Amino acid sequence: MANPQVELHIANFGIVTLELDAEKAPLSTANFLSYVNKGHYNNTVFHRVIPGFMVQGGGFEPGMNQKPADAPINNEANNGLKNELYTVAMARTSDPHSASAQFFINVANNGFLNHTAPSAQGWGYAVFGKVVAGSDIVKKIEGVATGRKGFHDDVPKEDVVIEKAVAI
Amino acid sequence: MAGAPCPVPMPETTPDRFATLRAPAHWQAVDFISDLHLQAAEPATLALWQHYLQQPPAQRADALFILGDLFEVWIGDDVLAPQAQDTTPSYWRTCAQLLREHSRHTPVYFMHGNRDFLLGASALGACGMQGLFDPTVLAFQGERWLLSHGDALCLADTDYQQFRAVVRSADWQRDFLAKPLSEREAIARGLREQSEARKRGSAHDPSLWADVDAGSAREWLQAAGSQTLIHGHTHRPDQHDLGQGLRRVVLSDWDATALPPRAEVLRLSAQDGLQRLPLC
């Protein structure tokens with residue numbers, strides 16, 4: 001069966017297509033699709049953009065209002081998928097098993113985010129898909145000007161808004 | 001900040017920009033070394049290092065951090081294989097044995113340098129070492145210390161940065177490691193001769209080699225939430241004020257045959273902060 005794909009329609013930027021790895025990351029894939037299908041990601045922003053590292057989004061509306069999310073999921077970082085350029089992984093708190101809606105796209109090979117041990121320090125970040133179209137769009141997002149907003153660093157000065165996320 | 005109430009759920013603020021190692025609370029002191037450039041042709045430096053590793057327990061730190069270029073060159077973990085015929089590999093096995101013994105009582109962390117970047121997982125295991133990404137933030141006694149070998153920040157040396165990008169790529173490393181040991185030895189010898197010739201030709205004096213770019217060092221420190229960068233690579237032990245309360249502390253290289261000989265450990269302790277401990 002073909003892997004599910006999701007299009008992120010990003011206002012003024014274009015469309016980024018993600019392919020999700022349902023086989024190696026079943027929990028994260030189902031979790032992401034559930035947020036997509038109920039419209040959670042519509043009108044959310046990429047709120048944390050760090051060039052040479054990653055771009056993170058899926059948790060805030062424009063104006064940095066955090067959207068309520070569902071229960072956190074188990075961390076699947078031990079699935080063998082690596083945090084390589086243009087892969088998509090789940091963001092989280094310092095608790096390894098705390099990912100809910102926020103995700104990030106690696107814009108570099110971030111080997112230090114991979115799973116090394118089943119410990120708080122070594123769990124790493126669960127990759128569950130990759131960009132299959134629109135990496136040039138991701139590159140543009142990586143290049144936007146950022147600054148501090150409230151308690152958050154690296155926030156784009158002009159909102160980078162996901163108008164809608166659709167499963168295709 | 002410790003114990004401050006946190007009434008709202010923590011937002012998803014990770015991944016962090018840099019790998020972070022949280023020191024266990026019981027650690028009182030850690031040692032940093034780099035640029036020993038261990039090689040069979042220089043037994044005196046190995047002897048100094050052995051002397052350091054075999055200090056009495058009361059003088060030991062709680063952990064040892066090797067920030068790159070422990071070895072003059074590393075051409076593949078198979079140099080540790082017992083079946084290798086060359087005399088050189090037995091030197092590497094001696095080094096591995098010393099490290100393994102030390103790691104039985106003191107955790108040893110290893111970061112790649114520009115000479116030993118091919119040291120892989122099986123050699124780490126054989127030496128009892130844990131690998132560190134470059135850079136890594138060490139959270140120790142309530143402060144964050146940014147650790148790096150330092151070569152990635154020597155941006156003015158554009159030839160080297162190009163070379164680095166090539167040899168650090170997975171493709172180059174796979175191709176190189178697939179070559180027979182003898183061929184890898186020949187390539188490594190060639191690269192070292194080129195590098196030596198460059199140093200002799202353009203700038204024999206280490207003070208003229210490219211140094212760490214201050215702007216980039218500041219940027220790293222700010223992104224890491226750290227005030228102090230500790231690095232090696234440049235062979236210019238010193239401390240530099242980077243402004244805005246930031247600084248970089250440079251480790252010494254080791255050379256037992258230099259006049260005077262150089263060998264030094266940088267010790268960070270809860271009690272005394274940073275101290276340079278000369279070994280000769």
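**Strand pairing, helix packing and core of the predicted model**

Strand β1 (residues 19-22) of chain B pairs in the parallel sense with β6(B) over 4 bridges, where strands, like helices, are DSSP runs numbered from the N terminus (E, at least two residues, for strands; H or I, at least four, for helices), and pairing requires that DSSP finds at least two bridges between two strands. The model is a predicted one, in which local features need pLDDT of at least 70 and side-chain atom pairs count only at pLDDT 80 or more, whereas totals for chains, interfaces and linings use all residues. Residues are numbered from 1 along each chain as its sequence is written, and chains are lettered from A and ligands numbered from 1 in the order in which they are written.

Within the parallel pair, Ala19(B) stands opposite Thr136(B) of β6(B). Strand β6(B) also pairs, in the antiparallel sense and over 5 bridges, with strand β7 (residues 143-148) of chain B, and here Ala139(B) stands opposite Arg144(B). The strands β6(B) and β7(B) form a hairpin with 2 residues between them, and Gln141(B) in the turn has a positive phi of about 50 degrees. Strand β6 (residues 136-140) is mostly covered, 4 of its 5 residues being buried; a residue counts as buried if 20 or more other C-beta atoms, placed from the backbone, lie within 10 Å of its own, as exposed if 12 or fewer do, and as partly exposed in between.

In helix α1 (residues 43-53) of chain B, the buried residues are Thr45(B), Leu48(B), Trp49(B) and Tyr52(B). These residues lie on the same side of α1(B) because they cover an arc of only 95 degrees around the axis, the arc being that of the directions from the helix axis to the C-beta atoms. The face turned away from this buried side carries the exposed residues Ala47(B) and His51(B), while the cover over the buried residues includes β11 (264-269) of chain B.

The largest nonpolar core, defined as a set of buried Ala, Val, Leu, Ile, Met, Phe, Trp, Tyr and Cys residues joined through C-beta atoms within 7 Å, has 100 residues, and among those touching the most other members are Val55(A), Phe128(A), Phe65(B) and Ile66(B). Strand β3 (residues 63-67) of chain B gives the most to this core, with 5 residues. Beyond its neighbours within four places in sequence, Ile66(B) is in contact (C-beta atoms, placed from the backbone, within 7 Å) with Ile33(B), Ser34(B), Val108(B), Tyr109(B), Phe110(B) and Met111(B).

Terms used. Two residues are in contact if their C-beta atoms, placed from the backbone, lie within 7 Å.
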